[in-house]
Structures are given as structure tokens and as C-alpha cells.
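This report goes through one protein model, starting with overall figures and moving on to individual helices and contacts. The sequence and the coordinates are shown first.

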Amino acid sequence: MRKVTAVVVVPALILSFSAAWAAEMTTTDEMHQDNAAPRSMAQIPQSHMFDGINLTEQQRQQMRDLMQQARHESSPISINDLEQLHELIIAEKFDETSYKAQLNRIAQAEVARQVEMARVRNQMYHLLTPAQQDVLNEKHQQRMHEMRELTNMQQASSLQAVSSTGSNQ
């Protein structure tokens with residue numbers, strides 16, 4: 001069952017991360033708006049990093065320039081890599097070693113993209129004034145608190161489901 005889950009989940013995660021990367025690269029104008037549309041963490045990781053921060057026009061332009069530079073330096077996810085995964089899945093005999101090797105190639109490319117995006121976010125952060133950095137850090141702490149609460153609620157719900165399932169038997 002774990003193998004089936006991995007076969008289904010990993011390619012989906014790769015596609016979602018790649019979509020998030022592409023979306024994040026094109027949403028720099030939204031990052032400074034107080035009224036930016038809400039997004040879940042799964043859709044666009046850290047795209048909300050600068051939400052609620054009032055940026056000067058110069059800061060906005062510098063951030064756009066950084067994102068544009070990163071966009072030109074990055075390589076998109078290879079459709080060929082995903083096709084190879086699909087071919088391995090539909091093969092007459094499943095080759096686990098080849099599948100793992102292909103996943104590792106894709107994962108390494110994704111890690112490189114995420115590191116590059118973190119580098120760009122770091123540069124953007126350092127474009128902020130100390131007051132803007134304080135606001136950003138407060139918002140980050142608030143999001144972490146909300147995520148902890150959500151995680152605690154999910155864990156409590158899971159425990160309740162397990163205990164009710166066990167008592168029904």
C-alpha cells in the first residue's frame with residue numbers, strides 16, 4: 001500500500017511544487033498588497049511572505065527585478081522526467097530501482113529550485129526597512145501559531161476517530 005501511495009503522491013507533489021514555483025515567480029505584485037487573495041500553504045509556499053507589508057515603489061521594483069532574474073536563471077521541471085515516471089508506472093514489470101532513481105533526479109532539481117527561491121526571498125527580506133522586517137516577523141509568528149493550532153486540531157480529530165473506531169468493534 002505504501003508503494004502505491006508513493007507512486008500517486010510523489011508525482012502530484014512534484015507537480016504542485018513546480019506549479020507553486022511558477023505561480024510564485026509571477027505573483028510579485030501581489031506580495032505587497034494588504035488585500036491579496038488568501039492561499040493555502042500547499043498551493044504556494046511562502047508567497048504570502050510579504051503580504052501586508054507596505055512597500056515603496058522602489059522596493060517593489062527591486063523585488064520584481066530579483067524575481068525576474070531568478071525566473072531567467074531557473075530551469076522548469078522537465079516534462080520528460082514526468083513522462084519517464086509515467087512510462088515506469090505503466091511498464092509490464094515495475095522497476096523499483098529505476099523509479100527511485102528518476103524520483104531522485106526530480107527531487108534534486110526541486111531542491112535546487114527551492115534553494116534558489118529561498119535565496120531570492122532572503123535578498124527581498126534585506127530590501128525591507130527594520131520596521132517592515134518587524135511586521136513581517138510578527139506576521140510569520142502569527143501564521144506559525146495558526147498552523148500549530150490547526151495541527152493540534154487535526155491530531156485531536158485523528159485520535160478521536162481512532163478511539164471511536166476502536167470502540168465500535
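## Overall composition

Of the 169 residues in the protein, 30% are buried. The model is predicted. The exposed surface comes to about 11200 Å², and 57% of that area is supplied by carbon and sulfur atoms.

The secondary structure consists of five helices and zero strands, so the pattern read along the sequence is α-α-α-α-α. Taking contacts between residues at least 6 apart in sequence, 65% join residues at least 24 apart.

## Helix α2

Helix α2 covers residues 57-73, which is 17 residues. From its first C-alpha to its last it reaches 24 Å, close to the 24 Å expected at 1.5 Å a residue.

Which residues of α2 are buried? They are Q59, M63, L66, M67 and A70. These residues cover an arc of only 95° around the axis, and therefore lie on the same side of α2. The face turned away from the buried side of α2 carries Q58 and H72, both exposed.

## Q132 and its contacts

Q132 belongs to helix α5, residues 130-167. Its relative accessibility is 10%, under the 20% limit, so Q132 counts as buried.

The side chain of Q132 reaches the backbone oxygen of N54 at a distance of 2.6 Å. With neighbours within four places in sequence left aside, Q132 is in contact with I53, N54, L55 and Q59. Of these contacts, Q59 is one of the buried residues of α2.

## Helix α3 and its N-terminal end

Helix α3 spans residues 79-90. Its twelve residues should span 16 Å at 1.5 Å a residue, and the end C-alpha atoms are 17 Å apart, which agrees.

The buried residues of α3 are D81, L82, L85 and L88. Because they cover an arc of only 115° around the axis, they fall on the same side of α3. I79 and I90 are exposed on the other side of α3. The N-terminal end of α3 is capped by S78, with a side-chain oxygen 3.2 Å from the backbone nitrogen of N80.

## The loop between α2 and α3

S75 is located in the loop between α2 and α3. Is S75 buried or partly exposed? With a relative accessible area of 48%, S75 is partly exposed; the value is under the 50% above which a residue would count as exposed.

S75 and R113 are 38 residues apart along the chain, and their C-alpha atoms are separated by 8.0 Å. R113 is among the buried residues of α4.

## Helix α4

Helix α4 runs over residues 96-125. For its 30 residues a span of 44 Å is expected at 1.5 Å a residue; the end C-alpha atoms are 42 Å apart, which agrees. The buried residues in α4 are Y99, Q102, L103, I106, E110, R113, E116, M117, V120, R121, M124 and Y125. This list includes E110, R113, E116 and R121 alongside residues such as L103, I106 and V120.

L103 is found in α4 and has a relative accessibility of 16%, so it counts as buried. L103 and L85 are 18 residues apart in sequence, with their C-alpha atoms 7.8 Å apart in space. L85 is itself one of the buried residues of α3.

## The aromatic pair

How many aromatic pairs does a search of the whole structure find? The search finds one. It is formed by F94 and Y99, whose ring centres are 5.7 Å apart and whose planes are at 50°, so the pair is tilted.

The two residues of this pair fall in separate accessibility classes. F94 is partly exposed, with a relative accessible area of 39%, whereas Y99 is buried, with a relative accessible area of 4%. Y99 is also included in the buried residues of α4.

Key
Residues numbered from 1 in each chain as written. Predicted model: local features only at pLDDT ≥ 70, side-chain atom pairs only at ≥ 80, totals over all residues. Heavy atoms only, no water. Helix = DSSP H or I, 4+ residues; strand = E, 2+ residues; numbered from the N terminus. Expected span 1.5 Å × (residues − 1). Buried < 20%, exposed > 50% of the residue type's maximum accessible area, 1.4 Å probe, protein only. Arc of directions from axis to C-beta. Polar contact = N/O pair within 3.5 Å; in protein donor to acceptor, adjacent residues only side chain to side chain. Contact = heavy atoms within 4.5 Å. Phe/Tyr/Trp six-rings, centres within 6.5 Å; stacked < 30°, edge-to-face > 60°. Areas by Shrake-Rupley, 256 points an atom, 1.4 Å probe, with all protein chains shown as cover.
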